[in-house]
Amino acid sequence: MQLSERTIEVLKNFATIQPSIVIEQGQVIRTVSGSKTILAHALIEEDFPNKFGIYDLPRFLGTLSLFTKPDLFFT
């Protein structure tokens, strides 16, 4: 699966709210700030096959930027 530019931009914005994230199966991603004062959700074009977590979202996005068209596999 390749992430669209819009999805990457959404994840960058979410990283400013909370540096870690759990992405549920489907096309909606959500985050909440540590103080629970900010809640955000977005509908994206990708359909994630299963639930997974990213501990350090800014570092993950930085790693993605090192590649031209990275393919992500979820098992």
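Let's start with an open space: the largest pocket holds about 280 Å³. Keep in mind as you look around that this is a predicted model. Which residues sit closest to the centre of the pocket? Of the 14 residues that line it, the closest to the centre are Leu3, Glu5, Ile8, Thr68 and Pro70. Two elements, helix 1 and helix 2, each give two or more residues to this lining. Helix 1 provides the largest share, with 4 residues. In chemical character, the lining is made up of 7 nonpolar, 3 polar and 4 charged residues.

Pro70 is a good place to pause. You will find Pro70 in the segment after helix 2. Pro70 and Leu3 are 67 residues apart in sequence, yet their C-alpha atoms are 8.1 Å apart in space. If we set aside residues up to four places away in sequence, Pro70 touches Met1, Gln2 and Leu64. Is Pro70 buried, partly exposed or exposed? With a relative accessibility of 24%, Pro70 counts as partly exposed, because the buried class is kept for values under 20%.

Now let's move from the pocket to the largest nonpolar core. This core has 19 residues, and the members that touch the most other members are Leu11, Phe14, Ile23, Ile29 and Leu57. Where do the core residues come from? Helix 1, strand 1, strand 3, strand 4 and helix 2 (57-64) each supply at least two of them. Helix 1 gives the most, with 5 residues. So helix 1 turns up in both places: it gives the most to the core, and it gives the largest share of the pocket lining. To see the core from one member's point of view, pick out Leu57. Not counting residues up to four places away in sequence, Leu57 touches Leu11, Phe14, Ala15, Pro19 and Ile21.

Next, follow the chain into strand 2, which covers residues 26-32. Two of its residues, Arg30 and Thr31, are worth a visit. Thr31 has a relative accessible area of 7%, so Thr31 is buried. What does Thr31 touch beyond the residues up to four places away in sequence? Its contacts are Phe14, Ile17, Gln18, Ser20, Ile21, Ile38, Leu39 and Ala40. For Arg30, again leaving aside neighbours within four places in sequence, the contacts are Phe14, Ile21, Val22, Ala40 and His41. Arg30 and Asn13 are 17 residues apart in sequence, and their C-alpha atoms are 11 Å apart in space.

Let's turn to charged side chains. Side chains of opposite charge can pair when their charged atoms come close. How many salt bridges does the structure hold? There are 3. One joins the side chains of Glu9 and Lys12, with 3.5 Å from N to O. Both residues lie in helix 1 (residues 5-17), 3 residues apart, which is about one turn of the helix. Glu9 is partly exposed at 39% relative accessibility, and Lys12 is partly exposed at 40%.

Another salt bridge brings together the side chains of Lys51 and Glu24, at 3.8 Å from N to O. Lys51 lies in the loop between strand 3 (39-48) and strand 4 (52-54), while Glu24 lies in the loop between strand 1 (21-23) and strand 2, so this pair ties together parts that are 27 residues apart in sequence. Lys51 is exposed, with a relative accessible area of 54%, whereas Glu24 is partly exposed at 36%.

The salt bridge still to visit links the side chains of Asp56 and Arg59, with 3.8 Å from N to O. Here Asp56 is partly exposed at 30% relative accessibility, and Arg59 is exposed, with a relative accessible area of 61%.

Our tour ends at Lys36, in the loop between strand 2 and strand 3. What makes the backbone notable here? Most residues other than glycine have a negative phi. Lys36, however, has a positive phi, near 60 degrees, and Lys36 is not a glycine. Lys36 also counts as exposed, because its relative accessibility is 65% and the exposed class covers values over 50%.

Technical notes:
Residues numbered from 1 in each chain as written. Predicted model: local features only at pLDDT ≥ 70, side-chain atom pairs only at ≥ 80, totals over all residues. Heavy atoms only, no water. Buried < 20%, exposed > 50% of the residue type's maximum accessible area, 1.4 Å probe, protein only. Contact = heavy atoms within 4.5 Å. Salt bridge = Lys/Arg side-chain N within 4 Å of Asp/Glu carboxyl O. Core = buried A, V, L, I, M, F, W, Y, C linked by side-chain atoms within 4.5 Å. 1 Å grid on protein atoms, 1.4 Å probe; cavity = no way out; pocket = protein on both sides within 12 Å on 5 of 7 lines; lining within 4 Å. Points joined across faces, edges and corners; volume = space filled by probe spheres on them. Nonpolar A, V, L, I, M, F, W, Y, C, P; charged D, E, K, R; others polar.
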